[in-house]
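Work through the exercises below with the structure in view. Try each task before reading its solution.

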Amino acid sequence: MKRVALLAVFVLGLQSAAPAADLLVEAESFEDHGGWVLDTQFIRSMGSPYLLAHGLGRPVADAKTTVKFPQAGEYKVFVRTKDWVARWQAQGAPGKFQLVVGGKTLDTTFGTSGAEWNWQAGGTVSVSDTSVEIALHDLTGFDGRCDAIYFTNSGEAPPNEGKILPEWRRDLLGLGAEPTVKDGYDLVVIGGGYSGVGAALSASRAGCKVALIQDRPVLGGNGSSEVRVWAMGNIRRGKYPRIGEIVEEFSDHATKSPGRYEEFEDEKKEAIVLAEKNIDLFLNHHAYQVDVLGEDSAIEEPNISRKDQPRSITAIYAFDTRTSEHKKFSGKLYVDATGHATIGYLAGGDWDMKSEGRMGMSNMWAWAEGDDNVAFPQTPWALDLSMKDFPYPRDHHGQWFWESGFDKDALGDAEAIRDWNLRAVYGAFNAMKNRDGADKHQTAFLTWIAYIGGPRESRRLMGDVILTEEDIIAKKDFPDGCVPSTWSIDLHYPKEEFAEKFPDNPFISYAKHGTGVDRSYGYPVPYRCFYSRNVENLFMAGRCISVTHEALGTTRVMKTCGMMGEVVGKAASVCVKHECLPRDVYERYWPEMDELLKLPGKAYRADVNSQFTIPADALPEAGPNGAPTGLDPKQLPGLVLDDRDAKKSPGWTEGTGLKGYIGFGYLYAGQASNATCTWELKVPKSGKYDVRIAYQPHENRGTKVKVTTKVTGVSNTVEVNMQKPAPLEHGFISVDSGEYLQGEVITVTISSTGCGGNAHADAVQLIELK
């Protein structure tokens, strides 16, 4: 209490010194950001959003704004910034920039001192007209950063603290002490990645009034154009194949990771959310504080259970990362979809985080080659790399394995992890352009580096079930299993080949994939992993659910996280309808939840007490192994059986590379394997039929693949040249025809024996001839 009082006296003293002649300009509030970008990732550690000059080595356009000084006169200038490589004693200060006031460039070069955020003194400026344009002028394009600019005639810099929106900042910015109130919500979702979007859409369509809060200008999280991780994890399968239909609506279809900007369809995600009348979307809002009823202190250490000390959230506070306006959001229920378990942690929720062996953060990148030679600045401050020190970025992109921060502070020191990744990328490209790779990369240039990091692991909140690797491998059957996790148990570790030079912080990883996950049906993750065991009205979805480090390896991919959101949204509607808590959904209302999980993703109702409407454009229900990735056999004429319906001998390999296949893929086998694939077609009614097989042609396919049909003891064998395209629609070719009686069974067998290449087995068709 004494320390708080002394701080209050200090701040009041600062304000009373010359309150009328102080001006604070938040960089994020600039009217024109120019080429600078808004970075909101590290607010919890350094206190504020900031502008970043992320120009890939080319100076970015000035950020500009017009400010109103309290009076004319002389002001001392302070800029909150840092030399972002100084913490590693690297030389060169790459983040240099200047401040221009009223057309005059100050002599000081900013971003040149201080390993931590600090108020760098910038001399004095004389102002005759109180309305003045100021500008941030980047000098390097190498990630200079500016939090705020402070003009004062008192000569003192403001406090250099990491507190979010402290009183002195609010006062200087003219913000009221009381936040803008946003209430009346059934569900407040914090985090706009796949899990948060899934939760908001699902709850909205189930009749809940929803606030969706996202601290970036776009939705999608790691699956947005800012990070560009393509969405993985199979959907629409398992016990509840309707789950995943909402994810199907907004998911990207990127062709690689990192893909192109447009492939991640940020605008589509936002449009789908805005189309929901029950959702209020708050982009560029950072949640930083909670009100809690009950014991409200955060647990500083992991693995401490306070299940016997329940508490509930009554409000969360967020501020606009562009204007600093702070808002208070009140709802009946909350969803922590932050990835870092931020809301649950602030509310005193039980949490865990592996102390060693954690996965890191990736900052992927891309480059291209032009017609003309392109220079790239020397980067003495970057990691000192030669071509042998990193994997060559094939296909013009640095992939997911450009990852560092293993066992570093993924929360308090995330900015350093990101910056280390930037130093690695710039060091690698410097080797390509200016060192031992220069002769082969004269026309190469950088096209994109993710300045928003893609984290994999930090805090996880504890629920009534903590899912383990052993549960997954043993296929433990939980009665509330509902989200199919199909990704293997995929954990990342530093790759020793590239770790020798920087053993304290390797920047290249490899993935170790475990076994035991049914990648077709999926392992059903239980609902009880999706709510806090001691914060009674808090759901969670995404990376921060109740699993162990090992189990996180399968549940963490984006489409799987999106399905968690879908389940949470439906559960929230049950809670609102029955005025109950998330735990009660499992203990008292699971039969009702079971029915909700079977509804189409586009089913909707006006409120939680109304009946659902199933729109005409609802997706057809997929099977337990998911929706076909190729042509749907059910949509083709006649009776069509996929290769998954066949009896197969050993020797076949599944494939999906040749497009136009039916169902989920096809099979192929070499002639040495003597493999067979047999279907049984049951004649639906008496008549004349054509018997067909489907295949996709390729130069390595057999030229004389034997196909045998057999009915009532009579067999017929033909040879098919599978290097030539099949003559009929959808890749079919006729192998037999005749009059057949209702109920007769026609067997069709494809053999690889003596086929002259690879035999191909995709599907069979029985079609009536008119």
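**Exercise 1. Find out why Cys 755 forms no disulfide.**

Step 1. Find the closest cysteine sulfur to that of Cys 755: it belongs to Cys 677, 13 Å away, which is too far for a bond.
Step 2. Apply the cut-off: a disulfide is a pair of cysteine sulfur atoms within 2.5 Å.
Step 3. Look at the cover: Cys 755 counts as buried, because its relative accessibility is 0%. Buried means under 20% relative accessible area, exposed over 50%, and partly exposed in between, with a 1.4 Å probe and protein chains only.
Step 4. Repeat for Cys 544. The closest cysteine sulfur is in Cys 561, at 8.7 Å, again too far for a bond. Cys 544 is buried too, at 0% relative accessibility.
Step 5. Count by this rule: 0 disulfides.

A note on the ground rules. This is a predicted model, where local features need pLDDT of at least 70 and side-chain atom pairs count only at pLDDT 80 or more, while totals for chains, interfaces and linings use all residues. Residues are numbered from 1 along each chain as its sequence is written, and side-chain values use heavy atoms, with hydrogens and water left out.

**Exercise 2. Describe the chain as a whole.**

Step 1. Count the elements: 13 helices and 42 strands. These are DSSP runs numbered from the N terminus, with helices (H or I) of at least four residues and strands (E) of at least two.
Step 2. Compare the radius of gyration with the globule rule. The chain has 30 Å, close to the 27 Å that the rule gives for 770 residues, so the chain is as compact as a globular protein of that length. The radius is taken over C-alpha atoms, and the rule is 2.2 Å times the number of residues to the power 0.38.
Step 3. Box the C-alpha atoms along the principal axes: roughly 105 × 70 × 45 Å.
Step 4. Check burial: 59% of the 770 residues are buried.
Step 5. Take the contacts with a separation of 6 or more: residues 24 or more positions apart account for 79% of them. Contact means heavy atoms within 4.5 Å.

**Exercise 3. Which way do the residues of strand S1 point?**

Step 1. Locate S1 at residues 22-26; 5 of its 5 residues are buried.
Step 2. Sort the directions. Asp 22, Leu 24 and Glu 26 point one way, and Leu 23 and Val 25 point the other way.
Step 3. Recall the general pattern: in a regular strand the side chains alternate between the two faces of the sheet.
Step 4. Find the partner. S1 runs antiparallel to strand S11 (residues 148-152), joined by 5 bridges. Two strands pair if DSSP finds at least two bridges between them.
Step 5. Pick a pair: Leu 23 stands opposite Phe 151 in S11.

**Exercise 4. Which strands stand at the edges of the open sheet with S22, S19 and S24?**

Step 1. Write the order: this sheet of 3 strands runs S22-S19-S24, with antiparallel pairing.
Step 2. Read off the edges. They are S22 (403-404) and S24 (454-455); each has a single partner strand, so one side of each is left without a neighbour in the sheet.
Step 3. Follow one pairing. S19 (residues 361-362) and S24 are joined by 2 bridges. Ser 362 has Gly 454 in S24 as its bridge partner.

**Exercise 5. Sort the sides of helix H6.**

Step 1. List the buried residues of H6 (residues 266-274): Asp 266, Lys 269, Ile 272 and Val 273.
Step 2. Check their spread. They cover an arc of only 135° around the axis, so they lie on the same side of H6. The arc is that of the directions from the helix axis to the C-beta atoms.
Step 3. Turn to the other side: Glu 267 and Leu 274 are exposed there.
Step 4. Name the cover over the buried residues. It includes helix H4 (194-205), strand S13 (210-213), helix H5 (245-250) and strand S14 (279-282).

**Exercise 6. Compare the backbone at Asn 284 and Glu 579.**

Step 1. Read phi. Asn 284 has a value near 55°, and Glu 579 a value near 50°.
Step 2. Recall the general rule: most residues other than glycine have a negative phi, and most peptide bonds are trans.
Step 3. Place them. Asn 284 lies in the loop between S14 and strand S15 (285-293). Glu 579 lies in the loop between helix H11 (558-578) and helix H12 (582-587).
Step 4. Check exposure. Asn 284 is buried at 7%, whereas Glu 579 is exposed at 76%.
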